[in-house]
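Biologist: I'd like to walk through the pockets, the greasy surface and the charged pairs of this one. Can we take it step by step?

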Amino acid sequence: MVAARLRRVRPRLGLVVVLGPLAGIGLTLFLGGWLPGLAVPGVLVLAGLLYFRSRRFRPRRWPVAGAVLGALAGGYLTAVSPWFAPLVIGFGIAGWFTAGKARAWVLEPYTPELADSQVEVPWQARGARGLALLVAHDRITLSGGRGPFRLVRPMVALSGVGTVEQVMVARRATLPVPGVGELRVTVTPGPAVRITVPPGEWILPTDHGREIARLVARRKEIAGVGR
């Protein structure tokens, strides 16, 4: 059950949120630091709780958030005493790793039950590092961490998604993203998924075209799209 997966990761995400600030509070009290500064760990805890609550169905971004919260907690400790400067990197790495494990527990392995949840499921493009198709409960999105995809994220509501099917690509090609002329997707030979969207189609190289097609079809059914 997806709900069980989400419950399982709560303690791990809670650790990401509170560990650094609690260490900061403890060291501030122990070293006799500036007591009004204790508001900073409190703000970090509140920000972490609000972020992970609002993104509880979007685990793809959890590691980045964990790294940022960890680094900020380490920065506060450095303000308490410069001797703790290495903790900026240490807490950042720990936050990334801990939140990354939580993400993996929710998303892996992929099972059909995920289609019935509100969890946003990312599908990494083959041969295009950082480029992914995100299938949410109400929309699909092309997202990337580099190049023009950092600034433009083509998004289509499920009601606008047509045929989704696995296809075979015979040769390497660079294709435009319909409606967003400055974006291109490089498609490598092998399996791919073809998604009909206005005003054309997306073709994304992936070995999971059938799973994506079933996922989108199920979420459209749940949303009552196309009835």
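Modeller: Sure, and let's settle one term before we start: a salt bridge is a side-chain nitrogen of Lys or Arg within 4 Å of a carboxyl oxygen of Asp or Glu. Keep in mind that this is a predicted model.

Biologist: How many salt bridges does the structure hold?

Modeller: Side chains of opposite charge can pair when their charged atoms come close. Going by the 4 Å cut-off, the count for the structure is six.

Biologist: Which residue meets the side chain of Glu-120 in a salt bridge?

Modeller: Glu-120 sits in the loop between α4 and β1, and its partner is in the loop between α2 and α3, so the pair ties together parts that are 62 residues apart in sequence. The N to O distance is 3.9 Å, within the 4 Å cut-off. The partner is Arg-58.

Biologist: Is Glu-120 buried or exposed?

Modeller: Its partner Arg-58 is partly exposed, with a relative accessible area of 27%. Glu-120 has a relative accessible area of 5%, and the limit for buried is under 20%. So Glu-120 is buried.

Biologist: Which residues are joined with Glu-221 into one network?

Modeller: Glu-221 forms a salt bridge with Arg-218, with the closest N and O atoms 3.3 Å apart. Both lie in helix α5 (residues 209-223), three residues apart, about one turn of the helix. Salt bridges that share partners make the network, and the residues joined with Glu-221 are Asp-116 and Arg-218.

Biologist: Now the pockets. Which element gives the most to the lining of the largest pocket?

Modeller: The largest pocket has a volume of about 460 Å³. Of the 19 residues that line it, the closest to its centre are Arg-60, Arg-103, Leu-107, Pro-122 and Gln-124. Two or more lining residues come from each of α3, α4 and β1 (121-124). With five residues, the top contributor is α4.

Biologist: And for the second largest pocket, where does the largest share of the lining come from?

Modeller: That pocket holds about 320 Å³ of space, and of its 14 lining residues the closest to the centre are Arg-10, Leu-13, Phe-52, Arg-53 and Arg-56. The elements giving two or more residues to this lining are α1 (2-31) and α2 (39-54). By class, the lining has nine nonpolar, one polar and four charged residues. The largest share, eight residues, comes from α1.

Biologist: What about closed spaces: how many charged residues are in the lining of the largest cavity?

Modeller: The structure holds one cavity of 30 Å³ or more, with a volume of about 30 Å³. Val-16, Val-17, Pro-21, Leu-44 and Leu-69 line it, and three residues of that lining come from α1. By class, five are nonpolar, none are polar, and the number of charged ones is no residues at all.

Biologist: Last one, the greasy surface. Which element gives the most to the nonpolar patch?

Modeller: The patch is formed by Val-64, Val-68, Leu-72, Trp-96 and Phe-97, with about 490 Å² of accessible area together. Two or more of these residues come from each of α3 (62-80) and α4 (86-107). Val-64, for instance, has its place in helix α3 and counts as partly exposed at 32% relative accessibility. With three residues, the element that gives the most is α3.

Note on methods
Residues are numbered from 1 along each chain as its sequence is written. This is a predicted model: local features need pLDDT of at least 70, side-chain atom pairs count only at pLDDT 80 or more; totals for chains, interfaces and linings use all residues. Side-chain values use heavy atoms; hydrogens and water are left out. Patches are made of residues with over 30% relative accessible area and no salt bridge: like charges are joined within 9 Å, nonpolar side chains (Val, Leu, Ile, Met, Phe, Trp, Tyr) within 5 Å. Accessible areas come from the Shrake-Rupley method with a 1.4 Å probe; for residues, only the protein chains shown count as cover. Helices (H or I, at least four residues) and strands (E, at least two) are DSSP runs, numbered from the N terminus. Buried means under 20% relative accessible area, exposed over 50%, partly exposed in between (1.4 Å probe, protein chains only). On a 1 Å grid over the protein atoms alone, a cavity is a set of points where a 1.4 Å probe fits but cannot get out, and a pocket is an open set with protein on both sides within 12 Å along at least five of seven lines; lining residues have an atom within 4 Å of a point. Grid points are joined across faces, edges and corners, and a volume is the space filled by probe spheres set on the points. Ala, Val, Leu, Ile, Met, Phe, Trp, Tyr, Cys and Pro count as nonpolar, Asp, Glu, Lys and Arg as charged, and the others, Gly among them, as polar.
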